[in-house]
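The following exercises are intended for work alongside a sequence and its three-dimensional model. Please attempt each task before reading its solution.

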Amino acid sequence: MMTQMLLLLLYGFVFLLATESCRTLCQASSKSKEQVSTRPHGECHGTCVDNSYCSQPCPPDTPGDMGFLCRQKKWHKVIESCRTLTAFNIFEADSNSVQTFGGSKINEYTNKPETITDLLMEKCPQNLSCVIRNIQKSPRIPGNIALIVQLLHNISTVPMKDVDETKMKSYSIMANHILNSKSISNWTFIPERNSSCVLLHSVNSFARKLFVNKHPIEIADIFIHTVGTILSRDNAGKNFTFSMRVNDTREVTGKVSISREELQEVPSPSRAVSIAFPTLGAILEASVLESITVNGLVLSVILPKELERISLIFEKISKSEDRRAQCAGWHSVESRWDHRVCQKIQENSQQVVCKCSPSKTFTSFSILMAPHVLQSPILIYITYIGLGASICSLILCLSIEALVWGQVTKTEISYLRHVCIANIATTLLMADVWFIVASFLSGPTRHHSACVAATFFVHFFYLSVFFWMLAKALLILYGILIVFHTLPKSVLVAALFAVGYGCPLLIASITVAATEPGKGYLRPEACWLNWDMTKALLAFVVPALAIVVVNLVTVTLVIVKTRRAAIGSSMFQEVRAIVRISKNIAILTPLLGLTWGFGIATVLNDSSLAFHIIFSLLNAFQGFFILVFGTILDPKIRDALKDRINSAQWISRISECLCRVSSREENGADTVLVFPMQRFPYEERSLTPNQHIEGRMQCHGARWF
């Protein structure tokens with residue numbers, strides 16, 4: 001009995017000890033949970049130093065974390081992987097297979113979409129519907145979006161022969177959930193920046209497996225619309241028309257059109273699938289392509305390979321008058337928009353018509369909003385009036401140079417200087433003419449080969465203008481820095497022509513040879529060097545700005561040398577030096593192309609109309625400035641012109657005298673023209689025959705002596 005009592009007491013003690021231990025563990029666990037729950041989430045409390053990074057956990061029971069970056073003394077969220085969907089809760093609640101699949105090991109794989117895909121294909125491979133309800137209930141936070149994207153990608157890679165309408169509908173519902181317009185901002189925080197590209201590729205890949213029989217298939221959700229049909233040569237043409245909401249109030253339309261002529265190349269029957277996305281363009285812009293704005297529906301097409309060209313009609317989302325559209329196809333391998341596969345046929349304020357070439361690489365198409373271009377009637381008038389005045393001024397400049405060439409090129413330095421001025425005027429004249437030709441060739445219906453030729457010559461001649469300005473600057477430096485060593489005239493002339501024409505020809509030829517084979521030489525909207533795809537425009541901008549810098553240094557040296565000569569002189573001489581410096585700056589600025597340096601201001605502040613007006617005035621009238629500062633204000637040219645004009649008056653008076661001689665011969669009197677050689681005034685006197693006057697030219701009979 002005593003033994004039993006002792007055993008009972010011992011069991012009671014053990015029970016109390018276990019109970020107390022359990023209570024202690026529970027309290028410790030509770031305290032631990034309290035400590036975890038009081039950890040901050042959603043913001044950083046540390047010192048914010050620019051470009052410093054901070055990581056914080058997600059809210060309780062939500063796996064993942066959030067990353068913050070300090071900018072301008074404030075924390076900004078940059079990534080987030082918080083998610084609520086796992087392999088436990090993504091399937092419907094009445095499913096027991098999830099709990100038993102793999103036993104306790106499932107907890108190790110709850111964060112892996114591959115495991116969810118395996119479970120999905122085991123539980124409901126026929127319709128993929130066992131995850132739809134919980135996906136639709138889940139919040140559209142970045143972690144959930146990333147998990148669903150990966151799940152859709154894994155489903156699209158599962159070997160399936162034919163995807164029926166039911167599976168496609170379930171797939172579209174899952175995609176529709178994360179394509180919602182309210183989720184666009186959350187795409188920016190997904191750590192995998194290419195998630196939107198993966199989604200587009202996955203949807204297109206899955207749709208490629210869609211089985212279409214005699215009856216068309218149409219699956220219409222709010223943010224994804226799929227249409228499948230059969231193509232036949234007997235069709236009069238095939239159209240896929242979509243009208244979808246891009247936000248709560250706005251609808252836009254899109255249309256895929258296959259002409260009857262194109263259908264004749266297609267084997268009959270053939271399958272065709274088209275998918276429209278109203279929000280995917282904005283999602284792509286938000287997640288990977290911040291600088292490119294999609295301005296219409298994204299239209300995907302799965303077509304027979306024999307179809308080489310299709311027409312697409314896009315209604316513009318933003319109907320801005322000063323923003324042109326660009327047709328483009330999505331490069332599925334390089335994850336970027338490419339203009340080369342599409343051609344813009346027509347554009348107005350409401351819609352754009354494109355011709356595109358679909359392939360395995362290019363299955364999705366849309367229209368992009370062209371980079372902002374400041375357009376103003378004032379700029380247009382300045383450009384056209386300035387070009388007209390520039391062309392007329394350059395023709396007059398070359399005429400004056402030809403008229404006085406012999407008088408102003410007697411010395412070597414003056415000969416080289418006028419060679420530079422004449423070639424600057426010639427190349428600028430040709431550049432302006434080709435610029436006008438290129439402007440007429442630009443447009444939706446442009447001729448590609450003619451546009452390439454015009455762009456090449458505009459590029460070449462404008463570069464030649466700059467390089468001849470560089471040649472003139474180098475000639476000035478040669479005169480300033482090299483005093484005692486001179487080069488032969490033929491060597492200098494050869495060097496000037498090599499710089500003025502050889503370098504531009506080399507740059508222009510390399511540019512067209514490197515970019516045109518890939519259709520990256522021209523801009524989509526104009527006959528000019530491409531920027532968005534190949535950065536071919538740098539082949540003009542970099543040499544031009546480099547030459548402007550060199551010429552600016554040259555002008556600075558001229559100013560310093562002119563100013564140094566006036567140091568220690570009288571006030572009057574210093575004033576004359578200032579006037580001389582100002583005159584040098586006024587003459588050299590247009591001749592050395594320094595006005596083009598003002599274009600930097602238009603790049604830094606593209607929205608300023610004042611900068612654009614000043615830049616247009618300075619450069620549209622550059623030919624006029626060259627005429628004034630390079631020709632008319634040159635004293636030697638002015639004197640030579642006066643000599644030519646007075647010489648013409650003298651010849652006119654000689655002719656007049658000859659006429660008078662013929663009328664006076666009957667009276668026995670002759671006419672003498674008296675003139676000083678410098679000013680060419682004249683006077684008439686009646687003399688007796690054979691009379692000679694020293695220092696004068698005598699008209700005797702009908703001959704001058």
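The exercises below concern a predicted model and proceed from the whole chain to one strand and then to the cysteines.

**Exercise 1. The chain as a whole**

Task: State how many helices and strands the chain has, and what share of its residues is buried.

Solution.
Step 1. Count the secondary structure: the chain has 19 helices and 20 strands.
Step 2. Apply the burial criterion, a relative accessible area under 20%. Of the 705 residues in the chain, 43% are buried.
Step 3. Consider the surface. The chain has an accessible surface of about 36800 Å², and carbon and sulfur atoms account for 60% of this area.
Step 4. Consider the contacts between residues at least 6 apart in sequence: 68% of them join residues at least 24 apart.

**Exercise 2. The surroundings of strand β11**

Task: Determine which strands pair with β11, in what sense, and over how many bridges.

Solution.
Step 1. Locate the strand: β11 comprises residues 310–315.
Step 2. Identify one partner. Strand β7, residues 251–258, pairs with β11 in the antiparallel sense over four bridges. Within this pairing, Ser257 has Ser311 of β11 as its bridge partner.
Step 3. Identify another partner. Strand β15, residues 351–356, runs antiparallel to β11 and is joined to it by six bridges. Here Glu315 has Gln351 of β15 as its bridge partner.
Step 4. Assess burial. Five of the six residues of β11 are buried, so the strand is largely enclosed by the rest of the structure.

**Exercise 3. Three disulfides compared**

Task: Give the number of disulfides, and for three of them describe the geometry and the parts of the chain that are linked.

Solution.
Step 1. Apply the criterion of cysteine sulfur atoms within 2.5 Å. The count comes to six disulfides.
Step 2. Examine Cys48 and Cys70, whose sulfur atoms are 1.8 Å apart. The angle about the S-S bond is 105 degrees, and the link is right-handed. This pair links distant parts of the chain, 22 residues apart: Cys48 is in the loop between α1 and β1, and Cys70 is in strand β2. Both Cys48 and Cys70 are buried.
Step 3. Examine Cys327 and Cys354, joined by a disulfide with an S to S distance of 1.9 Å. At -75 degrees about the S-S bond, this link is left-handed. Cys327 lies in strand β12 and Cys354 in strand β15, so the pair ties together parts that are 27 residues apart in sequence. Both Cys327 and Cys354 are buried.
Step 4. Examine Cys451 and Cys527, with sulfur atoms 1.8 Å apart. The link is left-handed, with -130 degrees about the S-S bond. Distant parts of the chain are linked here too, 76 residues apart: Cys451 is in helix α12, and Cys527 is in the loop between α13 and α14.

**Exercise 4. Buried or exposed?**

Task: Classify Cys451, Cys527, Cys197 and Cys392 as buried or exposed.

Solution.
Step 1. Recall the limits: buried is under 20% relative accessible area, and exposed is over 50%.
Step 2. Cys451 has a relative accessible area of 0% and is therefore buried.
Step 3. Cys527 is also buried, because its relative accessible area is 6%.
Step 4. For Cys197 the value is 7%, so this residue is buried.
Step 5. Cys392 has a relative accessible area of 54% and is therefore exposed.

Terms used: Residues numbered from 1 in each chain as written. Predicted model: local features only at pLDDT ≥ 70, side-chain atom pairs only at ≥ 80, totals over all residues. Heavy atoms only, no water. Buried < 20%, exposed > 50% of the residue type's maximum accessible area, 1.4 Å probe, protein only. Helix = DSSP H or I, 4+ residues; strand = E, 2+ residues; numbered from the N terminus. Pairing = 2+ DSSP bridges. Contact = heavy atoms within 4.5 Å. Areas by Shrake-Rupley, 256 points an atom, 1.4 Å probe, with all protein chains shown as cover.
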